[in-house]
Each structure stands twice: as C-alpha cells, then as structure tokens.
Amino acid sequence: QLQHPSAEVREYACASISKLLQQKHVIPAFLQRDVVRCLGPLLMDHSLAVRETAAGALRNLSACGGFEVCDDMVTNDIMTPLVALLKECSTELDANQLSPKKCRETNKNYIEDIANEAINLLWNICECNNTAVYIFNKEGCLEAVLHYMKKFSTNVDLAISVANCLQAVTEDNPDLLSSFNASAQQVLETAMLCPESTMKHVLLRTLIAGTIWNIKDTIPQGSLGSMVNAILKIFSESLAIDAGETIIRMNEAEKNRLKLAAEAETEENMSDVVDNCVLSEDDNMEEIPKGKLRRENDVSDLLPSDKWELKEVTALLTAQQTALEIIVNMCCSEDPSDDEWEELSSSDESDLFMENSYNEGGGLLMTPLCLSDEVHSAFLNNLIPKKILEKTAFPNSVALDICMHNPSWKPLIKKLNAVQCRALTCLHSILLVSDVDCLGGASALQSLSQHLSQLIFSKTELPADTEFLEAITSALRALLQTMASKNIPQCMTPEQLLALCEAGIHSSNASVRVNVVSILGISGSVLAKGQDTAETLKMIGKFLLEVAMKESSLVVAGEALDALFDVFADGKEAEKAAVQIKLLPTLKEFQPVFRTRMRKEGKGQYSADQLCVLDNVRMNLRRFIAYQETLGKTPT
C-alpha cells in the first residue's frame, strides 16, 4: 500500500503503520520488513498528506523504539530525506500558497503540521544518536529549525517542538556553537520574551532558557550575568505556579466546557429535526464531516485536540520538570555526576572533595560557572532554593484524587511525582554547592531536616517508589553531611535513621543502598562525639558490618566499610562499642575476603572511577585495622 499509485491509499497505509508502531511489541516485526527504508522516501512524497503521515509514523517509531531503533533508523539513512524535508518546509513556510485541493480541512496548514512531525522525529533521533547530531551540524540544519521558531506567536506547538529539539542538539555539542551568531540568538531571545501566559508558553520559555544555558559559551562575558538572571527568572516563574491548583482549575474548566458542548449538541439535534422538515431538494451542498473540525494550530498527536485543559496542565508539569533538571545542571556543570558522587565513597576522597567544595568567601562549588557571582546572586534574587523546597512536598491530595478518578488525567500522577523527585535531586545539588548562610542558616537546615523526615516517615510504611527513595536519600545525605560539617544538631533520631536504612538496604537500586549506608555513617560519626551513645553505636556498627560482608555490590560494601571508618574513628563511646561488637577481629577476618572480591569481581563489572574508590577503601581498611590495634595496646 505504501507503493500504491493513489495518494489516499499511501496516506492510509502510513496512518495505519503509525498507529501500530505505538505498540512496542510490533516494532521488531516492522523493522524486519525494512519499515524505515519503505517510509523514508515518502517524506518527500508529492502529496503533503502522505508526507505528514509518513513523518508521524517515523516519529512514533523513534519515540517508542528507543536508542537501538533510532540507531537503526540512522543506519538506514533516514537523515537524508528528513534533512531535505526540513529544508524544503522551511523554504515554503512563508509562501503559504497551498492549493485548495490540498487543504481539505479548515485551519489546516500542511507545511507547519509536516514540520512539526519532522522536528519531533529529528529531536528523538538526535537525542539518541551522535551520528544524527553530527549530520545536523554538517548539513546546517540549525538555520532551518530556527526559522520554524519564528512562528511561535501563531503556532506555539511547533515552537515547543523546535525548542525541545534545540535543547537536545545543543547539549554537549561544541561544534554547533559557532552557528549561534547574533541573529540566531535574537530568534531565541524574542521567543523567550513572549508575554503570553498560557502553560504552553511557560513551557516554551523554559525550554528556550535551557537551550540558552547550553550555548552559554557563546554569550559575551559582560552579558553573562543578565543572561543567567533571565534564565533563572523564567525558571522561578515556572516553579511558582501551583500545579495542584492548576489541575483543580483546569478540571473544572473541562467539566464546564463539556457541559456547554452537550447542551449545544442537544439544541443542534432539535434544530436538525426542524431543518429536515423544510430542506429543499437541492441539499447537496458540501458538508463538513463531524469530528473533522480541529482547533486552529492544534498539531499535537499525543492528545486529542479537544483535551486542551489537560494539555495545559501537561505543559506546566513538563516545564517544571525541565526547569528543575536544568537547575541541577547549573549546580553541577563541572563536578562529578550524581552517579559519580554516590560512588565517591572512600573517606580520603570524599573528605577531600567536601573540603574542596567550599571556599571561605561564598561557599560555592569550585567550578568555573558555579562559583561566579552571577549564578550565586541570581539563585538568591529569584528565590530558587525556596521554590525548589516548595516542589519537594507531596502533590496536592485533591488534585491527585481528580487524576485518580479520571482515566485521561491519570498519567499526570506520574508527572506530579516526577516533579517532586526532580525537586529533591535539585535540593541535593544545592546543598552540595551552597554554604549554610545562603541556605538560611542553622535553623533553616533543621527545619529542612524535619521536612525531609516527614516526607519519609509520614506513612506507616516507607515509600516503595525507587525513584523517590533515591532522590530523598540523596537529599538527606547531603543535608546531614552539611549539618555535621558545621556542627549543627540533627533533628532525626538514630532510631528513625536505622529504620530508614534497614528498609533502604533492601532496595533494588544500588544508589539508594549507597545513600542509606552513608547516612548511617554520617549520623554515627556525630553520635561518636557525644556521651552515652555506645548502645546506639553498637546497633549502627552491627548493621554496617553486616552490609559490608553480605552486600552483593562491591560499591555498596565499600561504602559500608567507609561508614564504619567514620563512625569508629574517634571517641571513647566508639571505642567501647567497637570492643563489644568485636569490630577489630571481624574486620581482620573480612580483609582478605574483600581483597579477593575486588580481584575477582572488579574487572569488567565496575568503572575505572569505582575501582579507584574501592582501592582507596582497601587501603583505608588496612590503615583502620592498624589504628584499632594501637587502641587495643594503649593503656586505659
């Protein structure tokens, strides 16, 4: 059917394939039948309707197929017709001289609709495949893509697709930076300053701000401060909107609209009864098919066109999630990634890292942009820490109830939870790069500690959601480390922390296990400095010893040993507890086992960085045993 001489048959075939490709399990069968090479040429079909449906089918294939499928699409040379299509649409965008035959639907702009599908396809492929990004650079696609951005005032959906694509292709792509001349930057700036207040425009501004952050190296040094401030102002405005209240308001608007539509339909049906009685015989006037009317510029194929209220909420939550993700990048532009940070677990390295993380003046992370006054002051001026903290709270229960009882709104629950998790990850990053005064002083950190404990312990059972558990344990770990380094009393009881760790250590996520072990190490090292804490230290010591000896992941086992070194490094209470749990003989017995595990499991299973950290733990284990032996020989 894709080869059929009739354009309508080809269009139907593309639409059918497009629908089927949304089901992941059928994708391998289509790939075996060379679907990419079959659909690719249709991107330049004589029929505009075929071009649009072919681009839509390929877009669904790229979105539902993932990395391997996108690699396969690039191997099968999808980029050649796609680049040609994008450039041709860009040239024709302003002409708008479409024959009436091609415009069968009211308010249908084929060029913009084709461009929207093609841009989404380009975005998906470039996000997954470096060769696609190389072709994007080499073929000068930026100019064509930016041309579509100019339509933001009349077609916000197309502009959002472009902004998504630009954010993907500008990330870690220094070869593209030279293409961002003054006129290219002007296009982005004009769209970023659009005054419209719909949630779609909030999303558009947020995505463009993310793109501008990616191309910050092209901004003159003198304009850097105002650029950072403009970006964070947009993020602040996005995060200031209450998603729960927006859901409640938009759901009410949807109910009212549907009610009015139902009433209007009833009136229309009554009118039809009357009209049918008086129609003349000449009634072959062209009728607009019911269901064919669509809102102007509604080009999203992800939600039906009549779900505009749901689209608005979806756009808001996407904007908030995007803003939080970019803030994390702003905090961590040069320091280790979250994974590396969690792996940075030997006492030597982590202590050194924490020492280097703070400078005496501003307390900001020692990285090129993060310690700049521009970022620091813009964070505070736009109340970014406060906005992030507000987003860490559990979603509004009324809004959750609306989503639970409305099938089409149910996917919003996942998005609400994602925003909360990103906010907690953001909090973790800000705690690592900010000094105590910047965060509001000791009392603010104690309040934050209580807030996090409420999030963890508000229900009878600990949250089972792995993403949430990883995010909150990361934030708690960073908070407790900051409080311990400044001798600020901690609000969580050792019993609470032990309960958290006993639950967290059974998580399938290694990062959660690393976090809870580290949390216990921080808490134990603080307790070791106090009085009458030997009993609690015994419980902590037994727990950490068991993890070190039984944990399947060497990284987590190494973190448990590292935590033991911190807890039992100093103090009379620690010495007393160490003797009672037989820490020294147990570690001496375990030392050769750990060495053997490193030798057998290390190669192939762990990265070079992880092995470096583990080697540090191995050396520290030897030193710690020697230190404990000297304690035993010292007369009391």
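Select helix α11, residues 182-192, in this predicted model, and then add α8 (141-149), α9 (156-170), α12 (199-214) and α13 (224-240), since these are the helices against which the buried residues of α11 pack. Those buried residues are Ala 184, Gln 185, Val 187, Leu 188, Ala 191 and Met 192. If you turn the view to look down the axis of α11, you will find that they fall within an arc of 150 degrees, and so they line one face of the helix.

Next, select Trp 213 together with Lys 216: the lysine lies over the face of the tryptophan, at 4.3 Å from the ring centre.

Move on to helix α29, residues 583-605, where the C-alpha atoms at the two ends of this 23-residue helix are only 29 Å apart, although a straight helix would reach 33 Å at 1.5 Å a residue. Colour Phe 590 and Pro 592, and you can look for a kink of about 35 degrees at Phe 590, shortly before the proline. Phe 590 is also one of the buried residues of α29, which include Leu 587, Gln 591 and Phe 594.

Finish with the aromatic rings, of which a search of the whole structure finds four pairs. Select Phe 624 and Tyr 627, whose ring centres are 6.2 Å apart and whose planes meet at 45 degrees, so that the pair is tilted. Both belong to helix α30 (residues 608-633), where, being three residues apart, they are separated by about one helical turn. Phe 624 counts as buried at 7% relative accessibility, whereas Tyr 627, at 28%, is partly exposed. Add Phe 565 to the selection, and you have a cluster of three residues that ring pairs link together.

Note on methods. Residues are numbered from 1 along each chain as its sequence is written. This is a predicted model: local features need pLDDT of at least 70, side-chain atom pairs count only at pLDDT 80 or more; totals for chains, interfaces and linings use all residues. Side-chain values use heavy atoms; hydrogens and water are left out. Helices (H or I, at least four residues) and strands (E, at least two) are DSSP runs, numbered from the N terminus. The expected span of a helix is 1.5 Å times one less than its number of residues. The bend at a residue is the angle between axes fitted to the seven residues ending there and the seven starting there. Buried means under 20% relative accessible area, exposed over 50%, partly exposed in between (1.4 Å probe, protein chains only). The arc is that of the directions from the helix axis to the C-beta atoms. Contact means heavy atoms within 4.5 Å. Rings of Phe, Tyr and Trp (its six-membered ring) pair if their centres lie within 6.5 Å; planes under 30 degrees apart count as stacked, over 60 as edge-to-face and the rest as tilted. A charge sits over a ring if NZ of Lys or CZ of Arg is within 6 Å of the ring centre and within 35 degrees of the ring normal.
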